[in-house]
Number of protein chains: 2
Amino acid sequence: MRIRDEKKESLIKQKAIEMIVKHGFDGLSMQKLAKAAKVSPATIYIYFKDREDLIETISVEEVNTMTELTLKGFSPDMPFEKGLKKQWNNRAAYWINNPVQARFMEQVRFSPIGQKVHCKIKQEFSNIMREFVGNAIRNKELIPLQTEVFWSVAYAPLYQLIKFHLDGRGMHNESFQLDTKTLNTAFKLVIKSLKP
Amino acid sequence: MRIRDEKKESLIKQKAIEMIVKHGFDGLSMQKLAKAAKVSPATIYIYFKDREDLIETISVEEVNTMTELTLKGFSPDMPFEKGLKKQWNNRAAYWINNPVQARFMEQVRFSPIGQKVHCKIKQEFSNIMREFVGNAIRNKELIPLQTEVFWSVAYAPLYQLIKFHLDGRGMHNESFQLDTKTLNTAFKLVIKSLKP
DNA sequence: TTTAAGTGAATGATTGTTCACTTAAATTTG
DNA sequence: CAAATTTAAGTGAACAATCATTCACTTAAA
């Protein structure tokens, strides 16, 4: 039996992400993708059921990879401020070091595909976050809040800063680059609002 | 000379938005759109140069409409907290009352088209915001901050809450609906972090 | 020899766009 | 006032190109 060339599969995935980031979902055609990955169109269908399955599989994989890295060195038992900072740093590092994947996930998240993908993501992350927030409130390091309010205040500013960074420009169209100092300034503001 | 049936134009636009929201940019084909709007495919090309122009035009229009409504009853001379609250309410009202347009803009914003659209949006809004923030800092109602940090802390939480609302579910997959009370809670947290 | 990986060419369907044409309203002419 | 003319709106059928997918076939490893 001939063995699978796993390099082919990952090259297909990588090229698919690149094409979507560059030209949107419109820009991903199976034949162009085959050409870019230097395989036959039929080869893609060995690894993926169809176009939809390809996009969905890649999306779920990318989200899970990011989630995993977000939790690196993090524990829900950490003191609130330290834990939140860890997550901010992990997220910022991942998005900034992987801008192509970042844009891909952004695009998936805010498209009809995002809904489908959402259901297939590991629930582990959600549970860990719930524990982290629960601990922080119990220890009176965090004011009691609805999960969604907490999430919005605690993380949305970070994602907006990263969005500015990825776009390469800020509010008034001047160029913008996210650095540690800016990140810390924003983080302190967030902590100020969340601490009792 | 035969006159333009403006109902046709707006129906084309509306159906285009609906199709994109439902099926993504992939789902917008000119022939399907023509069928949905009950016109000939050729008619669409009377109003728009090509598919790209169609999407771009609609995007710019929608963003400008939203921006206009965001500034309703707002003035950069307002006291900081009052002005920010006004904008939060205006934004929340628009996005919640126009969920289809909201999803459309979301999708545009986080796709390669977003970049092109960005350049063609009225600069008026950006200038008014700059004035508002400048005033607030001068009056010591707002701590001095980089524009992007201010924007991230002041508005990103609102948009995240709206996103939860549009998705219809929150962090842990329970159903979620944004109400005035939740909005106010989040707003107070934001104010707490931004006030000197 | 067996088995699955991998292929290039071909499938019919659908794509964005155009073109020769008809229709209707405004304007000019008688 | 009405008939003739002009002008642009609007059309359905058609275009080549491209689409996702398949199939008969070859290749390579167990």
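Helices (H or I, at least four residues) and strands (E, at least two) are DSSP runs, numbered from the N terminus. The model is predicted, so local features need pLDDT of at least 70 and side-chain atom pairs count only at pLDDT 80 or more, while totals for chains, interfaces and linings use all residues. Residues are numbered from 1 along each chain as its sequence is written, chains are lettered from A and ligands numbered from 1 in the order in which they are written, and side-chain values use heavy atoms, with hydrogens and water left out.

**Stop 1: DNA strand C**

Select helix H3 (41-47) of chain A, then helix H2 (30-36) and helix H3 (41-47) of chain B; each supplies at least two residues of the surface near DNA strand C. A residue is near a molecule or strand if one of its heavy atoms lies within 4 Å of it. H3(A) gives the largest share of that surface, 4 residues. Around DNA strand C there are 24 residues, the closest being A:Thr43, A:Tyr47, B:Met1, B:Met30 and B:Tyr45.

Now show the phosphates of strand C. A phosphate oxygen is 2.2 Å from an N or O atom in the side chain of A:Thr43, and one is 3.4 Å from an N or O atom in the side chain of B:Lys32. At A:Asp5 the partner is a polar backbone atom, 3.0 Å from a phosphate oxygen of the strand. Sugar or phosphate accounts for 53% of the atoms of DNA strand C within 4 Å of the protein, and bases for the rest.

Colour the surface near strand C by class: 12 residues are nonpolar, 4 polar and 8 charged. In this scheme Ala, Val, Leu, Ile, Met, Phe, Trp, Tyr, Cys and Pro count as nonpolar, Asp, Glu, Lys and Arg as charged, and the others, Gly among them, as polar.

**Stop 2: DNA strand D**

Move to DNA strand D, which 24 residues surround; A:Met1, A:Met30, A:Tyr45, B:Thr43 and B:Tyr47 are the closest. Of the strand D atoms that come within 4 Å of the protein, 52% belong to sugar and phosphate.

Select B:Arg2 and B:Ser40 to see the bases approached. A polar side-chain atom of B:Arg2 lies 3.0 Å from a base nitrogen of DNA strand D, and for B:Ser40 a polar side-chain atom lies 2.7 Å from a base nitrogen of that strand. The elements that give two or more residues to the surface near strand D are helix H2 (30-36) and H3 of chain A, together with H3 of chain B. H3(B) has the largest share, 4 residues.

A polar backbone atom of B:Asp5 is 3.0 Å from a phosphate oxygen of DNA strand D. By class, the surface near strand D holds 12 nonpolar, 4 polar and 8 charged residues.

**Stop 3: chain A alone**

Hide everything but chain A. Its secondary structure comes to 10 helices and 0 strands. The C-alpha atoms fill a box of roughly 60 × 45 × 25 Å along the principal axes. Of the 196 residues of chain A, 52% count as buried, meaning under 20% relative accessible area (exposed is over 50%, partly exposed in between; 1.4 Å probe, protein chains only).

**Stop 4: the interface of chains A and B**

Bring chain B back. The contact (heavy atoms within 4.5 Å) takes 51 residues from chain A and 51 residues from chain B. The area buried between the two chains is about 4600 Å², of which carbon and sulfur atoms give 58%; buried area is the accessible area (1.4 Å probe) that two parts lose on being put together, summed over both.

Next, select B:Arg130 and A:Glu174. They form a salt bridge with the closest N and O atoms 3.5 Å apart; the term requires a side-chain nitrogen of Lys or Arg within 4 Å of a carboxyl oxygen of Asp or Glu. There are 4 salt bridges between chain A and chain B.

The interface also has 23 residue pairs in polar contact, both residues at pLDDT 80 or more. A polar contact is a pair of N or O atoms within 3.5 Å; within protein, one must be able to donate a hydrogen and the other to accept it, and residues adjacent in sequence count only if both atoms are side-chain atoms.

**Stop 5: A:Gln160**

Select A:Gln160, in helix H9 of chain A. Is A:Gln160 buried or exposed? A:Gln160 is buried, because its relative accessible area is 9%. Its side chain makes a polar contact with the side chain of B:Arg109 (3.4 Å).
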